[in-house]
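Student: Could you take me on a close tour of the surroundings of the ligand in this model? I'd like one connected account.

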Amino acid sequence: PLVLGIESSCDETGVGIVRGRTLLANEVASSVDLHVRFGGVVPEVASRAHLSAIVPALERAAATADVDLADVDAISVTAGPGLMGALVVGIASAKALAAYLNKPLYGVNHLVGHVAVDLLDHGALPMPSLALLVSGGHTSLLYVEDIATKITEVGSTIDDAAGEAYDKVARILGLPYPGGPVIDRAAAEGDPTAIRFPRGLTARHDLEKHRFDFSFSGLKTAVARWVEQRRLDGLDVPVNDVAASFQEAVCDVLTAKTVDAAQHFGVNSILIGGGVAANSRLRTLLEERAAAVGIELRRPRPALCTDNGAMIAAVASEAITSGVSPSGLDFSANSGLPVGTIVV
Ligand code: ATP
Ligand code: MG
Ligand code: FE
């Protein structure tokens, strides 16, 4: 099917067009520059930016894909989770378009989009699979039996998300928002063994109750204390070494638990998705550790890891192929939509 996907859950206005599993267009307008001086996304600012960006993004996507929007088979939009005021802009736009063009509308889970987007890069996903979802607001392990109909969360963070930890540590180091890409680059110049930072929920007694769960707030506090002590001692902060050592702690835990879960659930493949899946160290370390136990790793290209409209269209395309019913025009934004609800 030819599917239009609209994403507006946070600070990216995304419009994507796919035909089946083929990516035809993926226009992303980010309002990140407007949020930099606040050190995080300001919801009202994001909403207003979506309002002005959505129509031009729709026009550019149609032009790039060389399709007339009247010819699409379905329209899809992020129904949640995300910022309420941001979600409603995409949903209202999608409903207006669906009503005007008389097309079926699918309200899609943003998190499933992060996991499904790899389909557009590497084709059919081997099922069942174990997915590591690592983004700005979520960090979970998912047992994926069918990308369009059956996903179960088997573990998640008990405090901060991995992306949130990157953003907070960047702030501690005086680096700009968003912290993920900046720390990724700084870490490339640093020594990952310089400082041994804690690996959350990996002690024997934690593994009993939290084998597939994550915790990053203790790590963030450890970095803050270490940096503070350095400053008290009147010493320079070796930013690249701190970044590399922090990143090693995050990626060590993420990859160890993902491979453990994949083996526990007996799957042959691991999928990654979400903004942090763009991280260079996560990608190489997981590749090494998965290969060591004979498990295939599927990783979307970095540009598709962060928020975009194509990932929403990818989920809808699979749902349509699987015979999932459209959502109709009556659904509302759900800022806390659980990952098991793939289409609302
Ligand atoms: P959610 O998907 O949970 O609703 P979100 O949509 O805000 O949250 P994403 O857009 O998926 O999150 O990802 C943004 C996060 O990814 C930010 O925290 C950012 O710092 C992080 N990130 C982006 N690139 C990298 C990278 N190369 N390394 C580490 N983190 C990264
Ligand atoms: Mg963003
Ligand atoms: Fe996201």
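Tutor: Here is a walk around ligand 1, followed by the strands and the records that go with the site. First, the ground rules: this is a predicted model, where local features need pLDDT of at least 70, side-chain atom pairs count only at pLDDT 80 or more, and totals for chains, interfaces and linings use all residues. Residues are numbered from 1 along each chain as its sequence is written, and chains are lettered from A and ligands numbered from 1 in the order in which they are written.

Start with the shell. Ligand 1 is surrounded by 25 residues, and the closest are G136, G137, G163, G180 and G275; a residue counts as near if its C-beta atom, placed from the backbone, lies within 6 Å of the molecule. The elements giving two or more residues to that shell are α4 (110–116), α6 (162–172) and α7 (179–187). Helices here are DSSP runs of H or I with at least four residues, strands are runs of E with at least two, and both are numbered from the N terminus. By type, the shell splits into seven nonpolar, 15 polar and three charged residues. For that split, Ala, Val, Leu, Ile, Met, Phe, Trp, Tyr, Cys and Pro are nonpolar, Asp, Glu, Lys and Arg are charged, and the others, Gly among them, are polar.

Now α7, which gives the most to the shell, with four residues. Its buried residues are G179, G180, I183, D184, A186 and A187. They sit on the same side of α7, because they cover an arc of only 170 degrees around the axis, the arc being that of the directions from the helix axis to the C-beta atoms. "Buried" means that 20 or more other C-beta atoms lie within 10 Å of a residue's own, "exposed" means 12 or fewer, and "partly exposed" is in between, with C-beta atoms placed from the backbone. The cover over those α7 residues includes α6, α10 (239–264) and α11 (280–292).

G180 is worth a pause. This glycine is found in helix α7 and is buried, since 26 other C-beta atoms lie within 10 Å. Leaving out residues up to four places away in sequence, G180 touches G163, Y166, D167, G275, V276 and N279; contact means C-beta atoms, placed from the backbone, within 7 Å. G180 and G163 are 17 residues apart in sequence, and their C-alpha atoms are 6.6 Å apart.

On to α4 and the records. In an unreviewed entry, UniProt lists H110, H114 and D307 under "binding site". They spread over 198 residues of sequence yet cluster in space, with a largest C-alpha distance of 8.6 Å. UniProt positions follow the numbering used here, feature names are shortened, and annotations may be inferred rather than shown by experiment. H110 has its place in helix α4 and counts as buried because it has 27 C-beta neighbours inside 10 Å. Beyond four places in sequence, H110 touches S9, T78, G80, P81 and G82. H114 is also found in α4, and is buried with 30 other C-beta atoms within 10 Å. With neighbours within four places set aside, H114 contacts L133, S135, G273, G274 and M311.

That contact with L133 leads to another "binding site" record. UniProt (unreviewed entry) places that feature at L133, V134, S135, G136, G137, D167, G180, D184 and N279. L133 lies in strand β6 (residues 129–134) and is buried, with 25 other C-beta atoms within 10 Å. Among its contacts outside four places in sequence are L111, H114, L142 and G273. G137, by contrast, is in the loop between β6 and β7 (139–146) and is partly exposed, with 18 other C-beta atoms within 10 Å.

Last, the strands. In β5 (residues 105–109), five of its five residues are buried. L105, G107 and N109 point one way, Y106 and V108 the other. In a regular strand the side chains alternate between the two faces of the sheet. Strand β4 (residues 74–80) runs parallel to β5, joined by five bridges, and G80 stands opposite N109. Pairing takes at least two DSSP bridges. β7 pairs with β8 (residues 150–156) in the antiparallel sense over six bridges, a hairpin joins the two through three residues, and L142 stands opposite E153.

Terms used
Two residues are in contact if their C-beta atoms, placed from the backbone, lie within 7 Å.
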